[in-house]
Amino acid sequence: MGSAAGSWRGATLAWALALALLAWDGGAGALENGLARTPTMGWLHWERFQCSTDCAREPLSCISEQLFMQMADLMVSDGWKDVGYEYVCIDDCWMSLTRDDQDRLQPDPERFPSGIRKLADYVHSKGLKLGIYGDVGNKTCAGFPGSYGYYDLDAQTFADWGVDLLKFDGCNYGTLDQLVEGYRNMSLALNKTGRSIVYSCEWPLYMRPMQKPNYTEIKHYCNHWRNFADIYDAWNSVKNTLEWTVLHQDSIVDVAGPGGWNDPDMLVIGNFGLSWDQQLTQMALWAVMAAPLLMSNDLRHISPQAKWLLQNKHVIAINQDPLGKQGYCITKDNNFELWERPLSGGAYAVAVLNRQEIGGPQIFSFSTSFLGNGLACNPACSIQQILPTSEDWGLHNWVSFLNIEVNPTGTVLLKVVVIGDSPDQKPVMNINKKPSPDIL
């Protein structure tokens, strides 16, 4: 990409007129900026690197242009880009503490001496896209300048820099009306720039304590939106996120789809706090939930096992399925949860989660007639185990019975593909599966 800025601007000219005006008609339409037709994939610094700004003391974890350039390099050289991870995203703490003399946001001059425009050019030269962070209020969560009163100026600044995604936080927003208007105004301001910028909101997260979010409206303005607390590198955090999602799925699942997604926050796979089974659970359930896959880890130091999981093409294919339906929990039985997600071609992704945190593996039994309102395996289906390892479970019919052994806090992920005509091979009536040993 010799001239990255020219290439990206040229690619967006066709959208310019359509993006100039976002007309609210009260319907159920998504933000029509042509972006995030499948869940966003990339890397985000926050959970792993937080607000580390002392580059002399912590040079390898400091929030600096060097960190993002290194991650961009690795996303290309280590195969992340090839499997779909596209965005290199800056979170909080990149800014100077003050705006410049023209009231524009500016990066910290010591940690980003080349400026964001040059960093964007570098990321674009790798065939990747750059994400950046802002806040709807007067200050960001870490105390840097917010965008309140500067929505148009900041949106144009981001566009001029060549930014491709904005994560817009909700700290220090003032009144509820200011929060809502701020998220609306930044969406309109981004679209007015004529540049394709994915808009990642935290609108419902900050609104919910005071008022039930209107997800139809939120989807009209945002490409994805956070609902629950920040995730951190611990099973309790992942578990709480899943619990919240199940509790509220009736109000959030149906609104998700191409152009707008529920965001349960970052993937923390490859860090320190999750066991292998818990890492499998996060990857499997984020795929079933059609969640943005934004890793927060150190790609310079990641285990082959974690890399295999995060780059698993079969799991990513479920996450990126073009039908764009979010999955949901269809039953809870003692310590087990059974999830399903409709996929294109009449297929289903199925996840069995064992929430028990004591003892050994447990068996969960269910009939294939339970899946897809009885249609997932009617009259027959093939079943492929995706996680923890890839296995062909063969052909089944709508009254087959599955007995699946799942490790504590672990998940077995399946893909069920319906077969319309009766197969020549006799389907299996019952199957007993034990978890495979850890890979690598």
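Start by selecting Val88 and Leu130: in this predicted model, Val88 stands opposite Leu130 of strand β3. Now extend the selection to the two strands around that pair. Strand β2 covers residues 87-89, and three bridges join it to β3, the two strands running parallel. To follow the chain from β2 to β3, select helix α5, residues 115-125. The path goes through this helix, and the β-α-β crossover is right-handed.

Next, show β3 alone, residues 129-135. Seven of its seven residues are buried. Colour its two sides separately: Lys129, Gly131, Tyr133 and Asp135 belong to one side, and Leu130, Ile132 and Gly134 to the other. Both faces are covered.

Move on to strand β4, residues 165-169, which runs parallel to β3 and is joined to it by five bridges. A pair to pick out here is Asp135 and Asp169, the latter in β4, which stand opposite each other. The connection from β3 to β4 passes through helix α6, residues 151-161, and this β-α-β crossover is also right-handed.

Leave the strands and turn to the empty space. For the largest pocket, select Ala36, Thr38, Thr40, Glu86 and Tyr87, the residues of its lining that lie nearest its centre. The pocket holds about 180 Å³ of space. Its lining consists of 14 residues, divided into six nonpolar, five polar and three charged.

Then look for cavities. A search of the whole structure finds two of 30 Å³ or more. The largest has a volume of about 110 Å³. Centre the view on Leu44, Lys167, Ser200, Asp263 and Leu294, the closest to the centre of this cavity among the 13 residues that line it. Strands β4 and β6 (224-226) each supply at least two residues of that lining. By class, the lining of the largest cavity has six nonpolar, two polar and five charged residues.

The last stop is the second largest cavity, with about 70 Å³ of space. Select Asn227, Phe228, Thr241, Trp244, Thr245, Ile252, Asn262, Asp263, Pro264, Met289 and Gln326 to display its lining. Asp263 is also among the residues closest to the centre of the largest cavity. Which helix gives the most to the lining of the second largest cavity? Helix α10 does, with four residues. Display α10 as residues 235-252 and β7 as residues 261-263; each supplies at least two residues of this lining. The classes here are five nonpolar, five polar and one charged.

Definitions and conventions:
Residues are numbered from 1 along each chain as its sequence is written. This is a predicted model: local features need pLDDT of at least 70, side-chain atom pairs count only at pLDDT 80 or more; totals for chains, interfaces and linings use all residues. Side-chain values use heavy atoms; hydrogens and water are left out. On a 1 Å grid over the protein atoms alone, a cavity is a set of points where a 1.4 Å probe fits but cannot get out, and a pocket is an open set with protein on both sides within 12 Å along at least five of seven lines; lining residues have an atom within 4 Å of a point. Grid points are joined across faces, edges and corners, and a volume is the space filled by probe spheres set on the points. Ala, Val, Leu, Ile, Met, Phe, Trp, Tyr, Cys and Pro count as nonpolar, Asp, Glu, Lys and Arg as charged, and the others, Gly among them, as polar. Buried means under 20% relative accessible area, exposed over 50%, partly exposed in between (1.4 Å probe, protein chains only). Two strands pair if DSSP finds at least two bridges between them. A crossover is right-handed if, with the strands pointing away from the viewer, the path from the first strand over the helix to the second runs clockwise.
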